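Welcome to a short set of exercises. Have a look at the sequence and the model, try each task yourself, and then follow the worked solution step by step.

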Amino acid sequence: MANNRIVIFGAAGFIGFHLAAALAKNQKSELVLVDNFVRSEFDSEFKELINKPNCEFIEVDARDVKILEQIIKPEDVVFNLIAFNGTGNFYEVPSDVISHSALTGINIALVCATKKVKSYYYFGSSESYAGGIENSWVPLPTPEKVSFVISDPSNPRWSYAISKQIGEMACHANGFQHGLNFLIFRIHNIYGPRMGFDHVVPDLIRKFAKGDGTVLGPDQTR
């Protein structure tokens, strides 16, 4: 590779941290790790990671286009794993969810396009088509090109889903208008260390460990 500079937004989060840790093993790569700890922690594991000689840490708010233009360079490889998720947040602070999840998706894609990065990887969510599943409008298994659905825009539960839809649309829009080279990963209930318990799989494991075998919505399928 002529350029080994990799920028990871959301690097202190669950998937972002493990991705950064894996990529940092290649000493020829220069990693720029970006986070503002809205949904992550500056813990000992992350401190150890950013102290590696090929890692640089920048604590900023990625909603700011001017800051993004300073961070992102031509020919970079950029990963966007920013997500203000968690079901409780969808209902309690839906405006914050949209602000942190949608604006970052719009702005990072645009700056990557205008800066002519080598590649842009956006991490989306199965929430983007969850409304179609809820209303039995899409088949199972669900193809990648299924229509996006927001069942009820008055329900704050959909604040995250529509944000991730916008992030995907920003990829396609900038690919069409500016030639952005992108790839979208649509995540489906992945789980593991550093995830916390605000998601369905770890929450169920914690309940089962306490002897509570109740499963809400056992008929739901993605």
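## Exercise 1: Two unusual phi angles

Phe-37 is buried, with a relative accessible area of 17%. Please keep in mind throughout that this is a predicted model.

**Task.** Say where Phe-37 sits, and describe its phi angle. Then do this for Glu-75 as well.

**Solution.**
- Step 1: Find Phe-37 in the loop between E2 and H2.
- Step 2: Read its phi, which is positive at about 65 degrees, although Phe-37 is not a glycine.
- Step 3: Check the accessible area of Phe-37. Its 17% counts as buried because the cut-off is under 20%.
- Step 4: Move to Glu-75, in the loop between H3 and strand E4 (77-80). Its phi is near 75 degrees, again a positive value in a residue other than glycine.
- Step 5: Compare with the cut-off. Glu-75 has a relative accessible area of 39%, so it is partly exposed.

## Exercise 2: Counting disulfides

**Task.** How many disulfides does the structure hold, and why does Cys-112 not form a bond with Cys-171?

**Solution.**
- Step 1: Look for the cysteine sulfur closest to that of Cys-112. It belongs to Cys-171 and lies 8.9 Å away.
- Step 2: Apply the cut-off. A disulfide needs two cysteine sulfur atoms within 2.5 Å, so the sulfurs of Cys-112 and Cys-171 are too far apart for a bond.
- Step 3: Write down the count, which is zero disulfides. Cys-171 is in no disulfide.
- Step 4: Add the surroundings. Cys-112 is buried, at 0% relative accessible area, and Cys-171 is buried with a value of 0% too.

## Exercise 3: Two residues of helix H5

**Task.** Thr-104 and Leu-110 are both found in helix H5. Is each one buried, partly exposed or exposed, and which residues farther along the chain does each one contact?

**Solution.**
- Step 1: Place Thr-104 in H5, which covers residues 94-115. With 2% relative accessibility, Thr-104 is buried.
- Step 2: List the contacts of Thr-104, leaving aside neighbours within four places in sequence: Ala-62, Arg-63, Asn-80, Ile-82, Ser-99 and Ala-109.
- Step 3: Turn to Leu-110, which is partly exposed at 34% relative accessibility. With neighbours within four places in sequence left aside, Leu-110 contacts Asn-174 and His-178.
- Step 4: Look at the distance between C-alpha atoms. Those of Leu-110 and Ala-173 are separated by 9.0 Å, although the two residues are 63 residues apart along the chain.

## Exercise 4: The nonpolar cores

**Task.** Which residues of the largest nonpolar core touch the most other members, and which element gives the largest share?

**Solution.**
- Step 1: Start with the 23 residues of the largest core. Phe-9, Ile-72, Val-78, Ile-108 and Tyr-120 touch the most other members.
- Step 2: Sort by element. Two or more residues come from each of E1, E2, helix H3 (65-71), H5, strand E5 (119-125) and H7.
- Step 3: Pick the largest share, which is the five residues given by H5.
- Step 4: Zoom in on Phe-9. Beyond residues up to four places away in sequence, its contacts include Val-34, Leu-68, Ile-72, Val-78 and Ile-108.
- Step 5: Note a second, separate core of 18 residues, with Phe-17, Ala-20, Ala-24 and Ile-50 among them.
- Step 6: Link this to helix H1 (residues 14-23), whose buried residues are Phe-14, Gly-16, Phe-17 and Ala-20. These pack against strand E1 (5-9), strand E2 (30-35) and helix H2 (44-50).

## Exercise 5: The second largest pocket

**Task.** What lines the second largest pocket, and where does Glu-168 fit in?

**Solution.**
- Step 1: Take the volume, about 440 Å³. Of the 16 lining residues, Glu-144, Lys-145, Glu-168, Ile-184 and Arg-186 are the closest to the centre of this pocket.
- Step 2: Name the elements. Helix H7 (159-178) and strand E6 (182-187) each supply at least two lining residues.
- Step 3: Sort the lining by class: eight nonpolar, four polar and four charged residues.
- Step 4: Return to Glu-168, in helix H7. Glu-168 is buried, at 3% relative accessibility.
- Step 5: Finish with the contacts of Glu-168, leaving aside neighbours within four places in sequence. They are Tyr-122, Gly-124, Ser-128, Phe-148, Ile-184 and Arg-186.

How values were computed:
Residues numbered from 1 in each chain as written. Predicted model: local features only at pLDDT ≥ 70, side-chain atom pairs only at ≥ 80, totals over all residues. Heavy atoms only, no water. Buried < 20%, exposed > 50% of the residue type's maximum accessible area, 1.4 Å probe, protein only. Helix = DSSP H or I, 4+ residues; strand = E, 2+ residues; numbered from the N terminus. Contact = heavy atoms within 4.5 Å. 1 Å grid on protein atoms, 1.4 Å probe; cavity = no way out; pocket = protein on both sides within 12 Å on 5 of 7 lines; lining within 4 Å. Points joined across faces, edges and corners; volume = space filled by probe spheres on them. Nonpolar A, V, L, I, M, F, W, Y, C, P; charged D, E, K, R; others polar. Core = buried A, V, L, I, M, F, W, Y, C linked by side-chain atoms within 4.5 Å.
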